[in-house]
Amino acid sequence: GPALAQRRWVAEISESSTETSPDNLAKTLRRATIAALREGEVGTDPDLQRLTSLGARAFGAPMGAVALLDDDALWFCARHGFETQTVPAEGSPWASVVSLSDIESLIVEDAAADARFASHVLVAGPTALRFYAGVPVTVHGQKIGAIGVMSPFAGIEADAGRMAALADLARLAGSIFELKDEARVKARVSADLIREEWGHAL
């Protein structure tokens with residue numbers, strides 16, 4: 001079940017990492033999750049794609065995405081309204097909402113006027129990001145990415161109701177990732193059992 005899959009998943013990561021600080025553990029968990037998701041072609045998952053369009057629609061924004069933080073890069077594994085797949089993480093509001101442990105959401109009224117984000121390629125480049133609202137996505141209790149909405153127009157309303165809806169979508173995204181990881185672990189265990197049975201038979 002999910003609890004067994006989680007224990008196996010954490011055990012796999014513990015075996016592969018000698019770094020035990022919270023920050024390093026979070027990075028290792030993100031790496032393992034993203035590697036598994038890439039293996040499972042999660043970028044084509046219709047449920048994740050649907051979440052991004054629902055988020056954008058809730059805010060009346062033209063763009064939405066689920067982004068995973070992979071070391072120094074952001075991977076937009078599902079997106080609505082734009083085509084960018086990866087961008088540098090540093091200086092991005094997407095990375096901030098994942099990496100800052102003391103926040104549960106992030107709203108940026110005008111990224112071009114915000115010194116933290118103004119030079120990032122999403123803001124200074126063709127996407128021309130101005131408004132951003134994002135909520136972390138967690139898998140097995142660890143932040144691995146975020147779901148968010150973007151607009152080239154500043155000042156979109158981000159009231160409590162809209163942010164609550166985005167948080168619900170973040171929880172759904174986390175559940176999708178966990179189910180996919182559970183399926184991956186089960187498939188690996190089944191393959192190991194089959195190999196073991198063949199070994200005994202021979």
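1. In this predicted model, start with the second largest pocket. Its lining is made of 15 residues. Those nearest the centre are Pro-136, Thr-138, Ala-167, Ala-170 and Arg-171. The pocket's volume is about 220 Å³.

2. Which elements give two or more residues to this lining? They are strand S5 (131–139) and helix H6 (160–201). H6 supplies the largest share, with seven residues.

3. Now sort the lining of the second largest pocket by class. Seven residues are nonpolar. Four are polar, and four are charged.

4. Next, the sheet. Strands of a sheet pair through backbone hydrogen bonds, and the pairing can be parallel or antiparallel. Here six strands form an open sheet, and the pairing is antiparallel. Read across, the order is S3-S2-S1-S6-S5-S4. Strand S3 (86–88) and strand S4 (106–108) are the edge strands. Each of these two pairs on one side only. On average, neighbouring strands of the sheet are turned by 25° against each other, with direction ignored.

5. Look at one pair within the sheet. How many bridges join strand S1 (residues 63–70) to strand S6 (residues 142–151)? There are six, and the two strands run antiparallel. For an example to find in the structure, take Ala-67: its bridge partner in S6 is Ala-146.

6. Finally, a helix against these strands. Helix H3 (residues 46–59) lies across S1, strand S2 (73–80), S5 and S6. H3 runs at about 80° to S2. Note that S5 appears twice in this note: H3 lies across S5, and S5 also gives residues to the lining of the second largest pocket.

How values were computed: Residues numbered from 1 in each chain as written. Predicted model: local features only at pLDDT ≥ 70, side-chain atom pairs only at ≥ 80, totals over all residues. Heavy atoms only, no water. 1 Å grid on protein atoms, 1.4 Å probe; cavity = no way out; pocket = protein on both sides within 12 Å on 5 of 7 lines; lining within 4 Å. Points joined across faces, edges and corners; volume = space filled by probe spheres on them. Helix = DSSP H or I, 4+ residues; strand = E, 2+ residues; numbered from the N terminus. Nonpolar A, V, L, I, M, F, W, Y, C, P; charged D, E, K, R; others polar. Pairing = 2+ DSSP bridges. Axes fitted to C-alpha atoms, helices over the stretch in contact; angles between N-to-C directions. Contact = heavy atoms within 4.5 Å.
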